[in-house]
Structure formats: structure tokens, C-alpha cells
Amino acid sequence: MLKLLPILLVFCAAVAYGQNPVLSIQQAVDSALLNNPDLNQAKALLSQKENEWRTLTGIEAPEISYFEEGMNSRAAKPFEERRWTISQSVDFPLTTIYRLKAVKQEAKALSFRIKALENEIKSQVKSRYIEVLYALHLQALGKQQSKLAEELYKAAYARFETGMGNGMELLNAELQVSEAQNVVSESNRLLHQARYSLFYLIGLEIAEISYDIHFSDTLNSRVVDISQIQALAVLQEQPSYLAALYDYQASENKLKEAKSNILPDIRFNLYKQNYGDGFNFNGFEVGLSIPIWLPFEQKGKIRMAEARQTEVEWQQKAIELDMKQQIEHAWHSYESSKQIIDRYNETMSGKSQKLQQLSLKAYQLGEIDLLNLLNAQQTYLFNQKRYLLSLRDYYLQLAQLEKFLDQELVY
């Protein structure tokens, strides 16, 4: 609940001044980064991994023991020995070195995965926010289509009343009104679906979800002045790729650790002896554990480490191929959407709107029939929908490219 406090303060301030609360795209991103369960779990795992080395030093807890021999209260004591012993076992130093290196590299791999997850969350939140704005514009376009259908119906009814039209034209116009209402209903459904999808992603509590929450329809974008080759060149700088690289290095050290298990572990014993009055001595013992069961335990560990290294190699290859596919897809889609938007702004917008207006006047004057008017209106609405869809795809692909270029492209 405390993690939502910044956003709630913004909402409360807006309400206090009699305004509807506005959820900006940056506020949505900040909330998601604070409340995402997967991200917080990953950070907790990183904290565990960063402290795991303390439990893998290969130094076991020292053992203290007391020994007494020759205890007999009814017989003469030819000798009586008392001994305090401190024992300490340690792994072979080389084994510990490889183990700690592997843990350190695993922690680095996890930190890069967290960075990749943060980039993914930002991209998802921005994509959901874009979907909400797209649904809002689609809703407005649906209302515009409904208004055009109403104007068409009025024109058809006027022609029918004056005898210039017929019942088929009037019936067709009524169907256009019903279809426009269906479009409005569908756009409302898409808007509600997009809103709740965004709210759940950023961790907004159900009690805090309100229809009063508005969205900032002032998205800005930074033009990606980068070629396809340059986009692919950043492949090996991606957090996911670097995470796989450190995983591979960790697997190499784990393999070396497994092979070093054939080296003996070391045990130290320190004695304080007492054979009676005047016979106090110290003793020292060093022991080595000989891996005589090499074909079983040690060899099994080596084979498992080799298989793990092979697994990580293929994981790295899969990550590389997947990221290359994502970059290429986002890049080509971005280029295609940008071309459609530029073409619409340059020629199609004004011409389609002018065609629709002239066609309605011509129909009212009886110069064209209903079919030509419908064709002009459908052309106008189709161009509007295509433009909105291309604008949506343009921003979505920019949000995808953000993950790979490490730049704020949508804000």
C-alpha cells in the first residue's frame, strides 16, 4: 500500500482541486516497477545470491570434544589421560575458489536479468497505456461514425419524404445507424478491457480503481534515427544476453569445481593432553580425505556440470535468436507504421474528409445515389481507422525498441 502512495497523493491533490485525477505514463511505469511481484521476487533472490558465498566457503564449524581414559574408582590407576580436542575441516582451497567465483557470476547474471525484467515491465506498461489511448480514440471515432450514420439517415429520410428516394435507401440508412451503434459498444468494451489490464499491471488496488481516472493523451516520441544494422549491433549489449554470458562463465567454474573434487579435503586437529600430574602436552594432527569413490560421487558431479554447461550454451543461443527476431520485427513494424502515418498526414487525411463532405452534399441534392455516399463514408472511416491503428503500432514498436536501445522513446 505504501508503494502506491506517490500516485495516490497525485489523485488526492487532483480531487482536492476539483479535477479528475490524471494517470500519466511515467506514473504508471513507476507504480509497476514498485509493485510488480516478479520483479520484487527477483530482487529478493539477488539478495540471497549475493549473501550465498558466506555459506559456501568450505569451512565447516569447528568441533570441540573432551576425552578421558583410565577411569576406575576401585583399581589403582597406572595412567589417566584427559584430552581436549579442537577439530577443523576445510575443503581444498582450489575447490572453494571455483565455487565462490561461480556464485559471484551467478549473482551478476541475476542482476542483468533484473535489468532485463525492468525493461520488459516498462515496455509492457507503455504498451498497455498506448492501448488505452488507442481505445479512447477508437471510441471517439465510433461516435463520429454514429454521427455520420445519423446524418445519412436524415438525408435518406428527407429524400424519401420528397419522393426522390425509396424505401430501400431508408432501410439501408437505418442499418448503418445500428452498425454505428455496434461500433460504439465494441469500442467501449475495448476501452474497459485496456483500462483494467493497465490497472492490474501497475498494481492498483481494486478499491482505488475509478472511472474518474483519466489518461494523459499527450504522448511524445523520439524518432529512432538508427539503421537496422545498428539495431542488431546492440544485440550483445542486451541484459538478457549478458545474463546468459555470466551463466555460462558460472557453469565453467562449476565444472572446474566438480573436477577439483578429486583433490583431498583437509582436516586439522589440535590436542591438549594430560597423562597425570606433570605430564601436560600438546598434540597436532593433519588428515586428508582421499576420494576413493571417484567413479561414483566425483565422476557424477563432473558429468552433471558438463551437462549443465551444455544446457547453458543452448540457452544462450536461444536467447540470441529470440532477441534478434524481436529487434527485427520491431524495427520493420516501426518503419512500416511510420510510412503509413506520413502518407496519411500528407495526402489521405484531407482528401478523404473532403470526399465525405462533398458526397453528402451531392446525395442531398440528388446528384449521386446512396451507394456512392456509403462508399465515400466508408473510405473516410477506413482511412481514420487505418491511421489510428498505424499510430498505435508506431508507438507500440517504439515501446518494444526501448527494451533494446536503452533509450526513452515514448514519454
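**Aromatic pairs and ring-facing charges**

In this predicted model, Y153 is partly exposed, its relative accessible area amounting to 25%. The structure contains nine aromatic pairs. One of them joins Y153 to Y157 in a stacked arrangement, with 6.2 Å from centre to centre and 25° between the ring planes; the pair is classed as stacked because its interplanar angle falls under 30 degrees. Both tyrosines belong to helix α4, which spans residues 93-162, and their spacing of four residues places them about one helical turn apart. Y157 is likewise assigned to the partly exposed class, with a relative accessibility of 39%.

A further aromatic pair is formed by Y196 and Y200, whose centres are 6.2 Å apart and whose planes meet at 40°, a tilted arrangement. These residues are both located in helix α5 (residues 167-201), where a separation of four residues corresponds to about one turn of the helix. Y196 is partly exposed, at a relative accessible area of 28%. Y200, by contrast, counts as exposed at 51% relative accessibility, because the exposed class comprises values over 50%.

Y196 and Y200 also take part in a single aromatic cluster, together with Y129, F199 and F215. In addition to its ring contacts, Y196 has a charged residue over its face: R195 is positioned there at 5.9 Å from the ring centre. An arrangement of this kind also involves Y134, over whose face R392 lies at 5.3 Å from the ring centre.

Definitions and conventions. Residues numbered from 1 in each chain as written. Predicted model: local features only at pLDDT ≥ 70, side-chain atom pairs only at ≥ 80, totals over all residues. Heavy atoms only, no water. Phe/Tyr/Trp six-rings, centres within 6.5 Å; stacked < 30°, edge-to-face > 60°. Helix = DSSP H or I, 4+ residues; strand = E, 2+ residues; numbered from the N terminus. Buried < 20%, exposed > 50% of the residue type's maximum accessible area, 1.4 Å probe, protein only. Lys NZ or Arg CZ within 6 Å of the ring centre and 35° of its normal.
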